[in-house]
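Me: I'd like to go through this one by asking why each label is used. Can you take me through the reasoning?

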Amino acid sequence: MSLKDYLTLSMSGLSLFISFWIFFKNYRNAKMNLGINSDFCIDSNEQHFLFVRMSFINHSSKPITIKSMKLFDENKSTFNGSPQPNKYRYDEGDCLPISQEILTNFRFKNNNSSYFTSTLPTTISPYSESSDFYSFYFGDFTPRDISEKNNLFVYIETTEGSLYYPISFGSKSYEFRNDNSLIQSYKTYKKSDTIEYKEYLQED
C-alpha cells in the first residue's frame, strides 16, 4: 500500500469516526432531560382554583411540550373518585388549558396589575426554562385546604412521555449549595422515568 492510499484510508476512517461521534453526541443531547420545580401556590376559594407556579428547565437540544397536567392526592388518586359535572367540564384537580385571571388577595398583591395563568399546551425550547402559574380546578373542594397538604402528585403529560411529579404545598424541600446557602432543588426526569418506559420494561 502506497503512502497516498494509506493517507486516504486514514482520512476515511477519521471522517467515519467523526460522523459517528457527532451522531452519538446529537442523539445524547436530544434525549429527554427535563427539570421540574414548584415553589409557590395561591388558593382562591372564590374562584375554585388553586394557582400553582410550575417551573420547567429543558436541558435537551430537542423542544418538549407540556400537553396536560392534573393534581392527584397522596395515593395518586383523583380527589372526588369520579367525574362530576361543572361549568368548566373539568374534574377536581384538572389543570385548565385556558388562561384565568389571578384575583388579588392578601397573599398576592398585584399592584394594580392583572396577572393571568399560562395556557396548555406549552412548549419549552431547547436549553431554556419556563416558569408560570397554572390554574387547577377545585369545584367541590376548598383550594385552601389543598394548598396546605403534603405528598401530593402532579401528573404531567409531555411529548416525551408522562410522569408524576411529587409536590408538597405545606412544606418545601431545600438543599444546600457549597457555600451553605439554601437552594430549592429541581427534580430531573429522563425517558427512563416516564410511565410509558416503565410499563414497557414490565412487559418484558
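Me: What makes S3 and S6 a pair?
Reply: This is a predicted model, and in it S3 and S6 are joined over 3 bridges, in the antiparallel sense. Two strands count as paired if there are at least two bridges between them, so with 3 bridges S3 and S6 qualify. One spot to look at is threonine 65, which stands opposite threonine 123 in S6.

Me: How do you know that strand S3 and strand S8 pair?
Reply: Apply the cut-off of at least two bridges again. Strand S3 (residues 64–72) and strand S8 (residues 152–158) have 6 bridges, so they pair, and the sense is antiparallel. In S8, valine 154 is the bridge partner of leucine 71, and phenylalanine 153 stands opposite phenylalanine 72.

Me: Why are S6 and S9 called edge strands?
Reply: Follow the order of the open sheet, S6-S3-S8-S9, a set of 4 strands with antiparallel pairing. Strand S6 (122–124) and strand S9 (161–167) each have a single partner strand, so one side of each is left without a neighbour in the sheet. From one strand to the next, the twist averages 35 degrees.

Me: What makes S3 "mostly covered"?
Reply: A residue is buried if its relative accessible area is under 20%. In S3, 7 of its 9 residues meet that cut-off, so "mostly covered" fits.

Me: What about the other order, S7-S2-S1-S12: which strands are at the edges there?
Reply: That one is also an open sheet of 4 strands, paired antiparallel. Strand S7 (128–137) and strand S12 (187–190) are its edge strands, as each pairs on one side only. Neighbouring strands here are turned by 30 degrees against each other on average, with direction ignored.

Me: How do you know that S2 and S7 pair?
Reply: Strand S2 (residues 49–58) is joined to S7 by 10 bridges, and the cut-off is at least two, so they pair. The two run antiparallel. Arginine 53, for example, stands opposite phenylalanine 133 in S7.

Me: Why is the empty space called a cavity and not a pocket?
Reply: In a cavity a 1.4 Å probe fits but cannot get out, whereas a pocket is open. Searching the whole structure at 30 Å³ or more turns up 1 cavity, and the largest cavity holds about 40 Å³ of space. It is lined by 11 residues, and the closest to its centre are Met32, Ser60, Lys62, Ile64 and Glu160.

Me: What makes up that lining by type?
Reply: The lining of the largest cavity divides into 5 nonpolar, 3 polar and 3 charged residues. Lys and Glu count as charged, so Lys62 and Glu160 belong to the charged group.

Terms used: Residues numbered from 1 in each chain as written. Predicted model: local features only at pLDDT ≥ 70, side-chain atom pairs only at ≥ 80, totals over all residues. Heavy atoms only, no water. 1 Å grid on protein atoms, 1.4 Å probe; cavity = no way out; pocket = protein on both sides within 12 Å on 5 of 7 lines; lining within 4 Å. Points joined across faces, edges and corners; volume = space filled by probe spheres on them. Axes fitted to C-alpha atoms, helices over the stretch in contact; angles between N-to-C directions. Buried < 20%, exposed > 50% of the residue type's maximum accessible area, 1.4 Å probe, protein only.
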